[in-house]
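Biologist: I'd like to go through this one slowly, asking how each description is earned. Could you show me the picture, so that we can start?

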Amino acid sequence: MLDGIIVATGLGEAAFKHLQRNFQGNAASGEGSGIPDWIAWLSDAGCAPRSDPNGTPGQQVAAEDLAISKHRESWAKRENKLNFALLAQDLPVIEAPGLARTFRVSVPSNESEEEKEKSLLAVARRWDRFILVGLPGSGKSTAINQLAANWSAHTDAPIPLVVPLKDVSERVNDPADVTLSLILDIATLNFEPNLRESLRNALERQIEAGNVALLLDGLDECRHLAGLVSLGLEQMLHEIDSNIPVIVSSRDNTIPAARKLGFKEVRLIEPNFLDSTMDRVLRVAAETRLPIESRDTWLEAKRHSIEDAKDKNRDIWQVPLLATLLTLLTASTETDALPQSRAQILLEVVRDSVRKWEVSRLTIDPPGSWNESLKPAHLIDGFATIGHAISGTDAISTNQIDEALVLMLRSRWNLSMGEADAVAPQIRWFWDERVGVFVATNHGRKTEARSRQFVEIADAIWVMHQGDSVISTWVAESIREPSMQETISLASGLSATVSTFLMDVALADPDAAVRARGLLWLLEAAIKDPTIPPDRLQELIIATCAQYRDTEENCAPAEEVTEKGILTVEKIKRNVSSRQLKVDGFGWAHLVCLAQVQMPNDCRALRDSEFSSLGLTGLRGAILKSLSSLTDANVDDRDLTADEISFVYELLRTPLAPPDRRPPTQVSRSRVVFHATEPLLSGHEKAALLTLNHLDHFSDDVLEHLQNVAKRGAASNYPMFAEALGRRGIEMMSQVARNMKRLMSLSAQISSARPQRKSLGTIALCVSSPIPSKACEDALTSTDPAVRTGAAQLARMVKSGDEAFEAAYSASITDDDMTVRWAASEDAAVSANGTFWSCSDCSARNEPNVLDCAHCSTGERQFG
């Protein structure tokens, strides 16, 4: 009866004997057994029962086990996978190794009100139930799906059930309608039809055994039913095992509803996988679209383009969708490079998000369905309208947003009142739910910007579409508000009309302070986004030099103003600006900006003539001549002429004032005075930086001057100086090392610091030592795992081409501590060969196969 019915043909006799032995063993021990035990015995013997959802009880249980196995397999296949099909149809699924481990959350600390950053995987292992909170587009659904995929790949993890709560809300009218049966119906909806019932029965069995995890995604997508769904879930969860993990994802606007569940809350941190993942997108695009011989050159150009865009628009990288759109825009083979203008880059990303909506319109589900009157241009104008409405405030009521959108749709696009009323909420929904730049808060009653940068570019786009009278009024009002500089700069980059009106105000306003501010903003905008026509550019040259001339005659020297009390970032900025103004004097910053504006030849001649008429000698004269010469050469993409080289030589051979080397003075128990060296004259460091591109034209006698400028300039520019001068034999990192050593000597706490700080301290001390490789080698002999981890990180970073560090690296990847191996290799296979792992939070030892530290509440194994 077993052969060919319960088990495969030919295995009946073996199955019978194996069952017989186990029955006899159980009888001898007095133990009972059931169908699950019999199936397990047969499977262990290689005689797994045939599955049949409609067969014998044993075959039905076998079918249920097969369904669970297939469920796990289908989710496990999604691990480390990202699908961009809706955004780029020709790209295959992207492999992103270790994707689940990249998701981090901030969790409340038990010791203080401070929040700690932890891995989502680790938190999900330790906390049975919590709410995952995040902004739209921050990666909540991707995090939930990757968590499910990761658990599915490990048979000792609970069986994940991912349930979109939006689907739940569409099927309920009362909290009592939210049942476990409904949850299972939705969770199994897309499973293989012939095994769906088996999976459902198996999941019921596994829920009773406490072996399932409920991953409930998108409470905010329930919209006005979020409270009802949350209350229904709370009632349903009372009916199942309290040890079953439950994770609910939500945005802030539905947190009050989510709190009915009584769960802890963790906040998804802006994803840190974007850089590596977006680079992988570029590589896949190259492999998909280009012949092998063209890929490397293409990739180098595209990576440079993205890095440049990131420098100009850092906030885009806080929103995964926008970062992806920027990367795909860059990867377009029709696009040689992104626009040079920062404003144009932002505008192009906004437009691209709408283009992608056109392609995937039928797959996106707003409330109801898309109104037929909605056009792509309405979405772009809607972006501008929302940003303009929010400008000048932190948040605005959703009703006010809709009113502004209706007005725009009726006046600009001639939609009827009914059409405008229907389309306006869908525009708002798109920029909230779909793109995530203008997000609903306070239960959806208010709308605020994800970042100030989105308000600025939206307001700039809004201005671009207005008539002359509106633009003129807007410029005249905005120029009186210092916080509007970035918006005016972006608007000038998008519209020559805005630049024209800004110049008119800057030249004619009766308030001298407004005129000066307007000129400076116009000049700074012209450096980033040159839109000023030649005839107006000549006016600007004359006006800028005239202002400096008048200032020199009529203004007293600037006084340095130092803010007292507890220093904030803003106070520090104001103090630095005050010190710089004291060095520069009024009007000098305008001349420095003018020297960096790209302009045609006839304007260059006027500029040089006006600069000469100022009679500036010494350092100021040398800076202006050098900056304008270097700017012209860069714009023309050519070498410096002999005259231009002589101008730069004049600057680089001018002695610098010696730095202030006085030690800090303690004037009281609570107050220490630091003696800062006087800042460089504005424009000096910029000229030196531009010189690095032409360094081959200059002799060694200018290198010391450049080195001193680097030491006194911005820390962010130091690596560029170090790299360029390093090619001429000037080793500048030793100076960094000496400075680091002085800094580290003040930190006696390092030996008692938290392990992560101790690792960083180890890196700093090794780098600052006379022979860094020897210090790294010594650190690897320490009994302190945090010290060895720091040394291993350093060895990994600098091992290339250095035999001593190569040896330190080799020692690191054979350390008994898996954490040290991981720090050196970032390779799970290498790490797995260690005999234990040390906790990065408490330094305690743990067994190799344990994922969470047994000695503290926060530590976790660093690799999968």
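Modeller: Here is the word we will need most: a residue is buried if its relative accessible area is under 20%, exposed if the area is over 50%, and partly exposed in between. Please keep in mind that this is a predicted model. By that cut-off, 49% of the 864 residues of the chain count as buried. The chain has 38 helices and 16 strands.

Biologist: What makes N414 exposed or buried?

Modeller: The relative accessibility of N414 is 67%. Exposed means over 50%, so N414 counts as exposed. N414 lies in the loop between helix 16 (398-413) and helix 17. N414 also has a positive phi of about 55°, although N414 is not a glycine. S843, which is not a glycine either, has a positive phi of about 70°, and S843 lies in the loop between strand 15 and strand 16 (845-846).

Biologist: Why is P367 called partly exposed?

Modeller: Its relative accessible area is 40%. The middle class runs between the 20% and 50% limits, so P367 is partly exposed. P367 is found in the loop between helix 14 (342-360) and helix 15. Leaving out residues up to four places away in sequence, P367 touches R223, Q426 and W429. P367 and E221 are 146 residues apart in sequence, and 9.6 Å apart in space from C-alpha to C-alpha.

Biologist: Why is helix 37 described as largely enclosed?

Modeller: Count its residues: eight of the eight in helix 37 (residues 818-825) are buried, so helix 37 is largely enclosed by the rest of the structure. They are M818, T819, V820, R821, W822, A823, A824 and S825. These buried residues pack against helix 35 (785-798), helix 36 (803-812), helix 38 (828-831) and strand 15 (837-838).

Biologist: Now the rings. How do you know that F430 and W431 form an aromatic pair, and what kind is it?

Modeller: Two rings pair if their centres lie within 6.5 Å, and planes over 60 degrees apart count as edge-to-face. By this rule there are seven aromatic pairs. For F430 and W431 the values are 4.8 Å centre to centre and 85° between the planes, so the pair passes the distance limit and is edge-to-face. Both F430 and W431 are buried.

Biologist: And which kind of pair do Y649 and F698 form?

Modeller: Try the steps again: their centres are 5.0 Å apart and their planes 70° apart, so Y649 and F698 are edge-to-face. This pair links distant parts of the chain, with Y649 in helix 28 (residues 642-652) and F698 in the loop between helix 29 (684-691) and helix 30 (703-712), 49 residues apart. Both Y649 and F698 are buried. Elsewhere, ring pairs link F383, F430, W431 and F438 into a cluster.

Biologist: What makes you say that R78 lies over the face of W75?

Modeller: The distance limit is 6 Å from the ring centre, and the charge must also be within 35 degrees of the ring normal. R78 is listed as over the face of W75, at 3.8 Å from the ring centre. Likewise, the charged end of K264 sits over the ring of W127, 4.4 Å from its centre.

Biologist: Why are helix 15 and helix 17 called roughly perpendicular?

Modeller: Helix 15 (residues 376-390) and helix 17 (residues 417-434) pack at about 75°, with their axes 10 Å apart. Angles from 65 to 115 degrees count as roughly perpendicular, so that is the name for these two helices. The contact is made by H378, L379, G382, F383 and I386 of helix 15 and I427, R428, F430 and W431 of helix 17. By class, these residues are six nonpolar, two polar and one charged.

Biologist: Then what makes helix 20 and helix 21 oblique?

Modeller: The axes of helix 20 (residues 485-494) and helix 21 (residues 496-508) come within 5 Å and cross at roughly 125°. That angle is over 115 but not over 145, so the helices are oblique to each other. I488, A491, S492 and L494 of helix 20 meet A496, V498, S499 and L502 of helix 21. This contact has six nonpolar, two polar and no charged residues.

Key: Residues numbered from 1 in each chain as written. Predicted model: local features only at pLDDT ≥ 70, side-chain atom pairs only at ≥ 80, totals over all residues. Heavy atoms only, no water. Phe/Tyr/Trp six-rings, centres within 6.5 Å; stacked < 30°, edge-to-face > 60°. Buried < 20%, exposed > 50% of the residue type's maximum accessible area, 1.4 Å probe, protein only. Helix = DSSP H or I, 4+ residues; strand = E, 2+ residues; numbered from the N terminus. Axes fitted to C-alpha atoms, helices over the stretch in contact; angles between N-to-C directions. Parallel < 35°, antiparallel > 145°, perpendicular 65-115°, else oblique. Contact = heavy atoms within 4.5 Å. Nonpolar A, V, L, I, M, F, W, Y, C, P; charged D, E, K, R; others polar.
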